Amino acid sequence: MGTASVPVLLSACGKESETVTPATGTDGATGCCSVAPTETEGPFPTKAPASYVRSDIRDGKAGHVMTAKITIINANNICAALAGALVDIWHCDAEGNYSEYGGGGMQSTNYQAVHFLRGRQTTDANGQVTFTSIFPGWYSGRATHIHVHVYSASGVSLKVTQIAFPEGTGSAVAAVNGYGKGLSGYTTNARDNVFSDGVGLELATVTGNTTDGFQLAITFGVAA
């Protein structure tokens, strides 16, 4: 899943996807397109996403630079690129904290007054948006992940989902090694309460290294 060459999810219909019959045609092999799984927004969604229309979402946060390219395709139009869609992303910092929240039981560090690692972009003619961010850290109970919310051009919610990261020897997760805290106590995708049913349609391709930065790419199907 998810390469820089804009992959098409024409034959990935499976247990974790929603199957949609395209309005204008079907894939000859399967007759369906795969819609990304719906996942929780979690406890830390962006409070006013329209206020953060930007491609560089770092806001001065330290960490290994990561470029994230997300492609949105329309399962109701033979998996064609969906132009003009709004794509919001948000994720934690290197220490595992979210902006716009904190000071309480779920997150002791108070970041209520800042808005780092949150942003919105509009898909281009290829259905793509690109964000400059940092490689996410991790926190107890969750694997490394990025939250994604896709809206139509008119603001209708099309999909709330999450991006999972490859793990294990040679992966970016292993290379980053939890920044300062390592991976002791890390929750793997297989044990994560969101990803434990499978990450086939949510697993990004992640390349690069800690010196030059990382590149993430993924394609999500939505029913638009």
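## Surface and overall build

Accessible areas here come from the Shrake-Rupley method with a 1.4 Å probe. By that method, the protein in this predicted model has an accessible surface of about 9200 Å², and carbon and sulfur atoms hold 52% of that surface. Of its 224 residues, 51% count as buried.

Now follow the chain from start to end. You will meet one helix and eleven strands, in the order β-β-β-β-β-β-β-β-β-α-β-β. Contacts between distant parts of the chain are a big theme: among contacts with a separation of 6 or more, 71% join residues 24 or more positions apart.

## The largest nonpolar core

In soluble globular proteins, nonpolar side chains tend to be buried together. In this model, the largest nonpolar core has 41 residues, and the members that touch the most others are Ile70, Phe135, Ile163, Phe165 and Leu216. Several elements each give two or more residues to this core, including E3, E5, strand E9 (157-164) and helix H1 (172-176). The largest share, five residues, comes from E11.

Phe135 is a good residue to look at in the structure. Leaving out residues up to four places away in sequence, Phe135 touches ten partners by name: His64, Met66, Thr144, Phe165, Ala172, Val173, Val176, Tyr179, Val206 and Phe214. A second, separate core of six residues includes Trp90, Tyr98, Tyr101 and Tyr139.

## Aromatic rings that pair up

A pair of aromatic rings is described by the distance of the centres and the angle of the planes. How many aromatic pairs does a search of the whole structure find? The search finds seven. One of them is the stacked pair of Phe44 and Tyr98, with 4.7 Å from centre to centre and 25° between the planes. Phe44 lies in the loop between strand E2 (33-35) and strand E3 (65-74), while Tyr98 lies in the loop between strand E5 (86-90) and strand E6 (118-122), so this pair ties together parts that are 54 residues apart in sequence. Phe44 counts as buried because its relative accessibility is 9%, under the 20% cut-off. Tyr98 is buried too, with a relative accessible area of 1%.

Another pair, Phe135 and Phe214, is tilted, with 5.2 Å between the centres and 50° between the planes. Phe135 sits in the loop between E7 and E8 and Phe214 in strand E11 (residues 213-222), so far along the chain that 79 residues separate them. Both of these residues are buried. Ring pairs also link Phe44, Tyr98, Tyr101 and Tyr139 into a cluster. At Tyr101, the charged end of Lys47 sits over the ring, 4.6 Å from its centre.

## A closer look at Arg142

Where does Arg142 lie? You can find Arg142 in the loop between strand E7 (128-134) and strand E8 (145-151). Is this charged residue buried or exposed? Arg142 is buried, because its relative accessible area is 9%, which is under 20%.

The side chain of Arg142 makes a polar contact of 2.8 Å with the side chain of Gln162 and another of 3.4 Å with that of His145. The charged end of Arg142 also sits over the ring of Phe195, 5.3 Å from its centre. Setting aside neighbours within four places in sequence, the residues in contact with Arg142 are Gln162, Tyr186, Thr187, Asp192, Asn193, Val194 and Phe195.

Notes: Residues numbered from 1 in each chain as written. Predicted model: local features only at pLDDT ≥ 70, side-chain atom pairs only at ≥ 80, totals over all residues. Heavy atoms only, no water. Helix = DSSP H or I, 4+ residues; strand = E, 2+ residues; numbered from the N terminus. Buried < 20%, exposed > 50% of the residue type's maximum accessible area, 1.4 Å probe, protein only. Polar contact = N/O pair within 3.5 Å; in protein donor to acceptor, adjacent residues only side chain to side chain. Contact = heavy atoms within 4.5 Å. Phe/Tyr/Trp six-rings, centres within 6.5 Å; stacked < 30°, edge-to-face > 60°. Lys NZ or Arg CZ within 6 Å of the ring centre and 35° of its normal. Core = buried A, V, L, I, M, F, W, Y, C linked by side-chain atoms within 4.5 Å.
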